[in-house]
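Work through the exercises below with the model open. Each task is followed by a solution in steps.

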Amino acid sequence: MLWAAVFGIFIFSKSVFAGEFFNAGPLFDKFPLTLCDGWRMEAAGPFFYEQHCDTENILAFPPFFSHETDSDTERREDNYLYPLMTYRRYGSEYRWQLCQIINFSGGQNPGDGTAKRFTIFPLYFQQRAPDESLKYTALVPFYGHLENRLFRDDIFFVMFPFYSETRKKDIVTDNYAYPIVHFRHGNGLSGWQVWPIAGHEGKVVTLLTNNWDEVITNGGHDYFFAAWPFYFHHLDGIGTTDPQNTLAAIPFYVKFRSPLRDSTTVLWPFFNWIDDRERKYHEWEMPWPFIVVARGEGKTQTRVMPFFQRAHTDTLTDNFYAWPIYGYKRIQSAPLDRNETRICFYLVRDVNEKNTETGRARKRLDFWPLFVYHRDFNGDSRLQIPALIESFVPNNEGVERDWSPLWSVWRSEKNPAEDESSQSLLWNLWRRDTAEGMKNDSLLFGLFQYHSDAEMTKLRLFYIPVFRHENAKPPDK
């Protein structure tokens, strides 16, 4: 019944009020947008809206469905009970997914035509493309071949986990009874492991060409472990200016040595000593993470957790008192100056960012679950009451588009550049729109409507005009 009613109102509004603004909220409302050039139509309270903002168009039946397009970027987004099922398209690239388990995707690969992928994670992977070398099929755990999936350039397996071969750049790993036994080889590299009993991997110093066609040294390494994770010895950066030596007998002792930094840990991870010569500071952790003291040019920190922490570097300030009741962080890295205050994690979150070159600033204030307020660099602002989940997923367009309308009983928007503002209570049961020299008020399904501008003042009761007055025009100068 709800779907039928909303759909009926949608068809009626499209045919009758397509070309004019009309107020009968929360049954039906059509009004100009405050924060961009366009209009918005709402009907059946929070269960339907259509919006046209510059080049972006949205049609939504919260929370069941929403459809958004942008002609400038050739973008399309469809949500079905977000995030249960979604469809995304950017130009020729597209992706459709259900519960992040079943998905179809595809698009243009440079020089290889259109590739199409189908996945039932983690059981079935398929790709089809005009280039035969890009085609693959994988049926886990029986047999398969994958390319550029699961953080690897190439994967081949038979009766996984009994045998698989993976490639990452020039490193090839043969796995037997993954992750127990593997053999690894590549450019100057070889290694083996019988996990968790023992393993060894070594790489000699090699040369490579970077993106600027410069030949640089690619350091070597030597790794050994026994009874993982209790004992291991790593040598990194062999042949470079910063060789690193790590020796661990966990939990008793961990030692790290390099020309730029030394650290020693006893009863890992609790008691640590750090001498950072590159950043010029010393640090003592006793025991970590409860008591930490750091002193030097590069870092100053005093922490007695959970009572307080005061820490700062050249670019970062990180303080808290009675953790997690109060926390404060600030990043100063020109042109960014960003500070964030939190009270009880997500209960209160106040974020302020400023561009020190332009002087422009933006702000977001969350007081869960009461409200969320944000103001952008242009000064445009929006207040929403209440905000049930927006504080946990800030700037999530799917939540704002498909779920927020359901509980946004109060909305307030301001556009200072255009001297425009709007307020809405209970899905436009009362609504006000103002602009320079103009004001519109609507109340109780539009039974009370007031309009005033430079030329006219009008009042309607029960949709019947009861007052009309022509305002005096200022004399010409």
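**Exercise 1: a tyrosine pair**

Tyr 163 has a relative accessible area of 22%, so Tyr 163 is partly exposed. The model is predicted.

Task: Classify Tyr 176 as buried, partly exposed or exposed, then describe the geometry of its pair with Tyr 163.

Solution.
- Step 1. The relative accessible area of Tyr 176 is 37%, so Tyr 176 is partly exposed.
- Step 2. The ring centres of Tyr 163 and Tyr 176 lie 5.4 Å apart, with 50° between the planes; the pair is tilted.
- Step 3. Tyr 163 belongs to strand β16 (residues 163–168) and Tyr 176 to strand β17 (residues 171–176), 13 residues apart.

**Exercise 2: a phenylalanine pair**

Task: Determine how the rings of Phe 104 and Phe 118 are arranged.

Solution.
- Step 1. The search of the whole structure yields 21 aromatic pairs.
- Step 2. For Phe 104 and Phe 118, the centres are 4.6 Å apart and the planes meet at 25°. Planes under 30 degrees apart count as stacked, so this pair is stacked.
- Step 3. Phe 104 sits in strand β10 (residues 102–109), Phe 118 in strand β11 (residues 113–120).
- Step 4. Phe 104 is partly exposed at 39% relative accessible area, whereas Phe 118 is buried at 18%.
- Step 5. Both residues join Trp 96 and Tyr 124 in one aromatic cluster.

**Exercise 3: a serine**

Task: Place Ser 422 and find its side-chain polar contact.

Solution.
- Step 1. Ser 422 lies in strand β41 (residues 420–425).
- Step 2. Its relative accessibility is 3%, so Ser 422 counts as buried.
- Step 3. The side chain of Ser 422 makes a polar contact with the side chain of Thr 34, at 2.8 Å.

Definitions and conventions:
Residues numbered from 1 in each chain as written. Predicted model: local features only at pLDDT ≥ 70, side-chain atom pairs only at ≥ 80, totals over all residues. Heavy atoms only, no water. Helix = DSSP H or I, 4+ residues; strand = E, 2+ residues; numbered from the N terminus. Buried < 20%, exposed > 50% of the residue type's maximum accessible area, 1.4 Å probe, protein only. Polar contact = N/O pair within 3.5 Å; in protein donor to acceptor, adjacent residues only side chain to side chain. Phe/Tyr/Trp six-rings, centres within 6.5 Å; stacked < 30°, edge-to-face > 60°.
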